[in-house]
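Hi,

Here's the model I promised to pass on. Have a look at it first, and my notes follow underneath.

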Amino acid sequence: MTDRPITRYCIAGGGTAGWMAAAALARFLPGGHTVELVESEAIGTVGVGEATIPQIHLFNGALGLDEAEFLRETKGSIKLGIEFDGWLREGAAYMHAFGNIGRSAGLLPFQHYWLRAHALGFAKPLQRYSLNELAGRTMRMQRGKTAGGQEMPYAYHFDAALYARYLRRFAEERGVTRYEGRIEQVERAGQSGDISALLLDGDRRIEADFFIDCTGFRGLLIEGALETGFEDWSDWLPCDRALAVACEGGGDFTPYTRSIARPAGWQWRIPLQHRLGNGLVYCSAQWSDDEAAETLLANLDGAPQTDPRPIRFTTGTRRRHWNRNCLALGLAAGFMEPLESTSIHLVQSAISRFLAVLPHAAPDPAIVGWFNQQARFEWERIRDFLILHYTANDRVGQPFWDQVRTMIPPDTLTAKLDQWRATGFIHREHEELFTDVGWFQVLVGQGVAARGYNRLADAMPEDDLRRFLGETERALIEQVKPMPRHLDFLRDCIARSERQ
Ligand code: FAD
């Protein structure tokens with residue numbers, strides 16, 4: 001790359017990733033920069049990606065989006081967590097709810113008191129100590145402080161196509177230029193090898209100083225042109241296909257995502273204002289497409305609105321997400337199944353990391369190296385968390401579940417499991433996405449037994465421990481009682497945004 005200042009950005013692709021990048025650049029770049037985006041309606045987007053995690057507030061907030069308007073525009077709903085049904089064994093369900101479980105007492109996090117009470121035989125299931133889960137299971141939702149002074153962290157379900165459209169409007173209003181057309185070739189500069197231009201159908205050419213590859217699984221720039229390489233993680237996460245289908249609303253309007261284990265994969269259920277989003281992620285080595293489609297269609301809460309749409313993928317990551325003058329975002333950077341709704345978050349965190357080191361001329365290798373190292377760390381730790389859901393299962397006798405239960409997990413996950421088993425200890429390394437509370441819920445939910453707990457918890461007399469747990473549970477139940485129902489909360493929100 002030359003030392004020419006970077007003032008011209010070109011985003012290839014206009015799915016969720018492309019428009020998130022465009023909106024963020026439009027919002028934050030100072031004058032003197034241009035942002036152009038190319039997308040092809042004929043190619044279209046992947047068209048899924050409906051569940052998020054609470055960090056989405058940071059992104060929407062940084063753009064200055066109004067929540068009520070956002071919910072109206074994207075036909076969104078509230079998400080307080082994810083229910084995992086049948087993942088340990090058929091009939092057993094637990095929730096990975098956002099927010100705290102119980103409360104800490106003295107030096108220790110709650111898990112040690114709970115483990116001790118569990119060993120003594122009087123601990124209740126974790127859901128009794130989770131505000132989000134208690135509210136979610138009774139279809140309630142509240143923003144701001146509860147009567148007990150607590151906040152409920154929440155995320156959203158939304159229509160991904162509507163979110164991209166909403167962000168497109170935001171970006172175009174702030175000067176982003178959109179080109180409709182097919183990228184036919186990626187041109188590289190002779191000497192440096194950097195990307196110099198995109199050649200579009202109709203003999204059009206878009207030059208830029210920096211390119212953001214948001215072309216989805218194709219990775220036209222990062223892989224097609226720069227041949228960055230892909231690290232395949234499908235030995236650990238063998239699902240490689242999905243079927244997605246929307247259906248009419250039906251059943252509970254849950255303020256949480258449902259993830260239901262199936263014989264060779266799992267099914268999601270995501271309630272939106274205008275429909276239910278459903279899909280099945282499965283392993284093609286263990287299940288035929290017909291078997292998967294039959295299972296999905298037999299387990300919908302309403303009439304399907306279309307035929308199930310097939311999607312194929314390989315789980316893994318590009319070896320580098322930032323290569324030369326190209327940053328890959330979204331599916332172009334890699335893919336992990338949406339079990340914990342992390343893909344949109346990974347787009348957002350890459351954007352904020354990129355903005356933190358925004359290059360003004362040829363990117364320094366030290367900066368690019370740092371970026372790629374952080375991305376790898378973030379991706380690998382999420383990968384480990386996903387693997388935990390699979391590997392700790394008790395669905396004995398089902399070939400797919402037997403396979404994932406007996407695989408050898410990555411060393412980083414093995415270390416975490418050993419630490420937990422030894423003393424109920426969960427260590428979260430600096431920028432790891434999932435908190436110890438998240439790990440705690442999934443470890444317990446997946447039946448991974450801890451042999452011990454931190455003995456400092458024994459400092460609390462047994463009667464006090466009983467009282468402590470009882471009071472924690474009662475206080476949470478009281479806080480949930482006056483909360484509005486999820487549906488009413490949303491109706492209120494939409495009505496407010498329409499009055500504005
Ligand atoms: P795409 O949506 O595929 O967009 C690619 C863009 O590139 C399109 O605009 C296309 O037109 C353009 N393009 C491609 N080639 C060319 C070309 N030659 N010329 C011009 N334009 C081109 N994430 C979550 O956070 N939560 C979820 O619940 C979730 N569920 C998912 C379920 C499934 C089954 C899958 C597969 C993914 C899911 N994801 C989820 C991931 C999420 O969908 C994506 O991360 C997100 O939509 C971003 O996609 P994208 O913009 O990278 O790619």
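Let's start with the ligand: 38 residues surround it, and the ones that come nearest are Gly 13, Gly 15, Gly 49, Gly 216 and Gly 330. "Around" here means that a residue's C-beta atom, placed from the backbone, lies within 6 Å of the molecule. The elements that give two or more residues to this shell are helix 1 (16-28), strand 2 (34-39), strand 13 (241-247) and helix 9 (343-356). Helix 1 gives the most, with three residues. Helices and strands are DSSP runs numbered from the N terminus (helices are H or I with at least four residues, strands are E with at least two).

By class, the shell has 18 nonpolar, 16 polar and four charged residues. For the classes, Ala, Val, Leu, Ile, Met, Phe, Trp, Tyr, Cys and Pro are nonpolar, Asp, Glu, Lys and Arg are charged, and the others, Gly among them, are polar. The ligand lies between domain 1 (8-50 + 159-231 + 319-363) and domain 3 (241-310), because both give residues to the shell.

Before you go further: this is a predicted model, where local features need pLDDT of at least 70 and side-chain atom pairs count only at pLDDT 80 or more, while totals for chains, interfaces and linings use all residues. Residue numbers run from 1 along each chain as its sequence is written.

Now the domains. Besides the two above, the assignment gives domain 2 (77-157 + 381-480); the bounds come from an automatic or database domain assignment. The C-alpha centres of domain 1 and domain 2 are 36 Å apart. Where they meet, six residues of domain 1 are in contact with eight residues of domain 2, contact meaning C-beta atoms, placed from the backbone, within 7 Å. The domain 1 side of that meeting has two nonpolar, one polar and three charged residues.

As for the whole protein, there are 15 helices and 21 strands. Its radius of gyration is 23 Å, close to the 23 Å that the globule rule gives for 500 residues, so the protein is as compact as a globular protein of that length. That radius is taken over C-alpha atoms, and the rule is 2.2 Å times the number of residues to the power 0.38. Along the principal axes, the C-alpha trace spans about 75 × 55 × 50 Å. Buried residues account for 48% of the 500. The burial cut-offs use C-beta atoms placed from the backbone: buried is 20 or more others within 10 Å, exposed is 12 or fewer, and partly exposed is in between. Of the contacts between residues at least 6 apart in sequence, 77% join residues at least 24 apart.

On to the strands. There's an open six-stranded sheet with mixed pairing and the order 7-2-1-11-20-19. Strand 7 (177-180) and strand 19 (322-323) are at its edges with a single partner strand each, so one side of each has no neighbour in the sheet. Two strands pair if DSSP finds at least two bridges between them. Strand 19 runs antiparallel to strand 20 (residues 326-328), joined by two bridges, and Trp 322 stands opposite Leu 327.

Elsewhere, strand 8 (residues 183-188) and strand 9 (residues 195-200) are antiparallel, with five bridges, and Ile 183 has Leu 200 as its bridge partner. Their hairpin has six residues between the strands, and Gly 193 takes a positive phi near 85° there. Strand 9 also pairs antiparallel with strand 10 (residues 204-207) over four bridges, where Leu 199 stands opposite Arg 205. Three residues separate the strands of this hairpin, and Gly 202 in the turn has a positive phi of about 75°.

Finally, two residues to click on. Is Ile 387 buried or exposed? This residue of helix 10 (residues 365-391) is buried, because 21 other C-beta atoms lie within 10 Å. Ile 387 touches Trp 236, Leu 237, Pro 409 and Leu 413, leaving out residues up to four places away in sequence. His 360, in the loop between helix 9 and helix 10, counts as exposed because it has 10 C-beta neighbours inside 10 Å. Beyond four places in sequence, His 360 is in contact with Pro 5 and Ile 6.

Cheers

Definitions and conventions:
Contact = placed C-beta atoms within 7 Å.
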